[in-house]
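Let's walk through this one together, starting from a single side chain and working outwards. Keep the viewer open and follow along.

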Amino acid sequence: MVNIYIAGPLFTEGERFLLEKIDLICKKYQLLTYLPHRDAGLFKRDEKKEADFFFENDIKKLIESDIIIAVLNGQDSDSGTSWEMGYGYARNKRIIGYINDIRVYDPKLQLNAMVGSSLDYLVTDLNQLEEVIQQFK
């Protein structure tokens with residue numbers, strides 16, 4: 001079975017909602033998913049013990065994953081998401097980038113070269129994402 005790590009900013013309800021929508025698409029094709037906020041929980045920045053648990057659990061799940069789906073919306077991609085992508089890239093994981101941001105004219109030009117060059121796929125809406133995900137069922 002294919003394991004998918006869903007990475008993206010998770011600081012607002014809207015950000016978490018998008019990650020959960022991506023999770024539902026993956027589950028439609030019986031793919032196993034890991035959502036950091038769902039599976040490791042959210043932590044308070046001043047709680048080092050919780051942050052360490054979150055970090056260690058995410059590392060374990062990145063190692064177990066086959067594919068990383070990274071939400072890259074915004075003026076610049078989230079630092080945690082970028083770190084997860086770099087770690088996954090170094091471990092030869094496939095990486096799917098998702099940008100659906102009306103501020104971005106050309107997603108390929110918007111991305112930092114290091115982030116953009118690490119992607120196997122770049123999609124700009126959930127329908128395109130689903131088309132790519134179907135390949136892995």
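Start at Tyr-87, which sits in helix H4. This is a predicted model, so treat everything below as computed from predicted coordinates. Setting aside residues up to four places away in sequence, Tyr-87 is in contact with Ile-59, Leu-62 and Ile-63. Now look along the chain from there to Asn-100: Tyr-87 and Asn-100 are 13 residues apart in sequence, and their C-alpha atoms lie 23 Å apart.

Between those two points comes a spot worth a stop. Asn-92 belongs to the loop between helix H4 (79–90) and S4. Asn-92 is no glycine, yet its phi is positive, at about 65°. Most residues other than glycine have a negative phi. Is Asn-92 buried or exposed? With a relative accessible area of 71%, Asn-92 is exposed, since the cut-off for that label is over 50%.

There is another residue of this kind at Gln-30, again a non-glycine with a positive phi, here about 55°. Look for Gln-30 in the loop between H1 and strand S2 (32–34). Its relative accessibility is 56%, so Gln-30 counts as exposed too.

Step back from that loop into helix H1, and you meet Asp-23. Here the picture changes: Asp-23 has a relative accessibility of 6% and therefore counts as buried. What does Asp-23 touch, once residues up to four places away are left out? The list is Ile-6, Thr-33, Leu-35 and Arg-38.

Cys-26 has some of those partners as well. Again leaving out residues up to four places away, Cys-26 touches Ile-4, Ile-6, Leu-31, Thr-33, Ile-69 and Ile-133. That leads straight into the largest nonpolar core, a set of 23 residues. The members that touch the most others are Ile-4, Ile-22, Cys-26, Ile-69, Ile-96, Leu-129 and Ile-133. Which elements give two or more residues to this core? They are strand S1 (3–7), helix H1 (13–28), strand S3 (67–71), strand S4 (94–98) and helix H7 (126–134). H1 gives the most, with five residues. A second core, separate from this one, has 16 residues, and Ala-40, Phe-54, Leu-62 and Met-85 are among them. Leu-62 should ring a bell, being one of the contacts of Tyr-87. In soluble globular proteins, nonpolar side chains tend to be buried together.

Now zoom out to the whole chain. How many helices and strands does it have? There are seven helices and five strands, and from the N terminus they run β-α-β-α-α-β-α-β-α-α-β-α. Contacts reach well along the sequence: taking those with a separation of 6 or more, 70% join residues 24 or more positions apart.

What about overall dimensions? The C-alpha atoms fill a box of roughly 40 × 35 × 30 Å along the principal axes. For 137 residues, a compact globule would have a radius of gyration near 14 Å, and the chain agrees because its own value is 14 Å. Of those 137 residues, 45% are buried.

Finish on the outside. The accessible surface of the protein chain comes to about 8100 Å², with 52% of it belonging to carbon and sulfur atoms. As for charge, the chain has 17 positive and 22 negative charges, and the mean positions of the two sets are 4 Å apart.

Terms used. Residues numbered from 1 in each chain as written. Predicted model: local features only at pLDDT ≥ 70, side-chain atom pairs only at ≥ 80, totals over all residues. Heavy atoms only, no water. Core = buried A, V, L, I, M, F, W, Y, C linked by side-chain atoms within 4.5 Å. Buried < 20%, exposed > 50% of the residue type's maximum accessible area, 1.4 Å probe, protein only. Helix = DSSP H or I, 4+ residues; strand = E, 2+ residues; numbered from the N terminus. Contact = heavy atoms within 4.5 Å. Rg over C-alpha atoms; globule rule 2.2 N^0.38 Å. Areas by Shrake-Rupley, 256 points an atom, 1.4 Å probe, with all protein chains shown as cover. Lys, Arg positive; Asp, Glu negative; His and termini not counted. Charge placed at Lys NZ, Arg CZ, Asp CG, Glu CD.
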